[in-house]
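Q: Could you take a close look at one part of this model for me? I'd like the side-chain contacts there laid out in one go.

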Amino acid sequence: MRKRQVVVRRSSEEPSRSSTNSALTVRSVKYGECQKNHAANVGGYAVDGCREFMASGEEGTTAALTCAACGCHRNFHRREVETELVCDCSSPPSNGN
């Protein structure tokens, strides 16, 4: 019987390695709240409250790097990387125990 094991972990976690199982790693990147300090030029700290990056244009264009909500570049938004480790594991059939 073949089992499929899916493990989702944050990028800060140490990856686990298995030499006996074949695994596929899938990473997805999402951009969270804007962290641009709009008051840096006057010595203060103020963020605009944008909660999530939304691209202004189609993927592959320069507009895709600008947020439609706040107008900031994508690099000002917190980057969240989720890594999914998909493992096709084979195990011997169980005898009901």
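What follows is a walk around one histidine and its neighbours.

Q: Let's zoom in on H77 in strand β3. Which residues does H77 touch, leaving out those up to four places away in sequence, and what are those neighbours up to?

A: Sure. Keep in mind that this is a predicted model. Quick orientation before the close-up: the protein has three strands and zero helices, so there's not much to memorise by way of elements. From the N terminus on, they run β-β-β. Of the 97 residues, 19% are buried, and H77 belongs to that group, with a relative accessibility of 3%.

Now the neighbours. Setting aside residues up to four places away in sequence, H77 touches Y31, G32, E33, C34, C50, E52, F53, C67, C70 and C72. There's a polar contact to go with that list: the H77 side chain reaches the backbone nitrogen of C34 at 3.5 Å.

Start with the rings. Y31 and F53, both touched by H77, form an aromatic pair, and a search of the whole structure turns up one such pair. The geometry is edge-to-face, with 6.0 Å from centre to centre and 65° between the planes. Y31 sits in strand β2 (residues 22–34), while F53 is in the loop between β2 and β3 (77–90), so the pair ties together parts 22 residues apart in sequence. Both rings are on the buried side of the cut-off: Y31 has a relative accessible area of 16%, and F53 comes in at 13%.

Next, the cysteines. With C67, C70 and C72 among the contacts of H77, you might go looking for a bridge, but a search of the whole structure finds zero disulfides. For C67, the nearest cysteine sulfur is that of C70, 3.8 Å away. For C70, the closest cysteine sulfur is in C72, at 3.7 Å, which is too far for a bond; the cut-off here is 2.5 Å. The surroundings of these two can be put side by side: C67 is buried, with a relative accessible area of 2%, whereas C70 is partly exposed at 23%.

Then there's the charged side of things, which comes in through E33, another residue that H77 touches. E33 makes a salt bridge with R78, and the closest N and O atoms are 2.7 Å apart. E33 lies in strand β2 and R78 in strand β3, so this pair links parts that are 45 residues apart in sequence. R78 also forms a salt bridge with E80, again with 2.7 Å between the closest N and O atoms. The total is two salt bridges. Because they share partners, E33, R78 and E80 end up in one network. R78 counts as partly exposed at 30% relative accessibility, while E80, at 15%, counts as buried.

One more charge is worth a glance: K36 lies over the face of F76, at 5.1 Å from the ring centre.

Stepping back, how do contacts spread along the sequence? Among contacts between residues at least 6 apart, 60% join residues at least 24 apart. The E33 and R78 bridge, with its 45 residues of separation, is an example of a long link between strands β2 and β3.

Definitions and conventions:
Residues are numbered from 1 along each chain as its sequence is written. This is a predicted model: local features need pLDDT of at least 70, side-chain atom pairs count only at pLDDT 80 or more; totals for chains, interfaces and linings use all residues. Side-chain values use heavy atoms; hydrogens and water are left out. Rings of Phe, Tyr and Trp (its six-membered ring) pair if their centres lie within 6.5 Å; planes under 30 degrees apart count as stacked, over 60 as edge-to-face and the rest as tilted. Helices (H or I, at least four residues) and strands (E, at least two) are DSSP runs, numbered from the N terminus. Buried means under 20% relative accessible area, exposed over 50%, partly exposed in between (1.4 Å probe, protein chains only). A charge sits over a ring if NZ of Lys or CZ of Arg is within 6 Å of the ring centre and within 35 degrees of the ring normal. A salt bridge is a side-chain nitrogen of Lys or Arg within 4 Å of a carboxyl oxygen of Asp or Glu. A polar contact is a pair of N or O atoms within 3.5 Å; within protein, one must be able to donate a hydrogen and the other to accept it, and residues adjacent in sequence count only if both atoms are side-chain atoms. Contact means heavy atoms within 4.5 Å.
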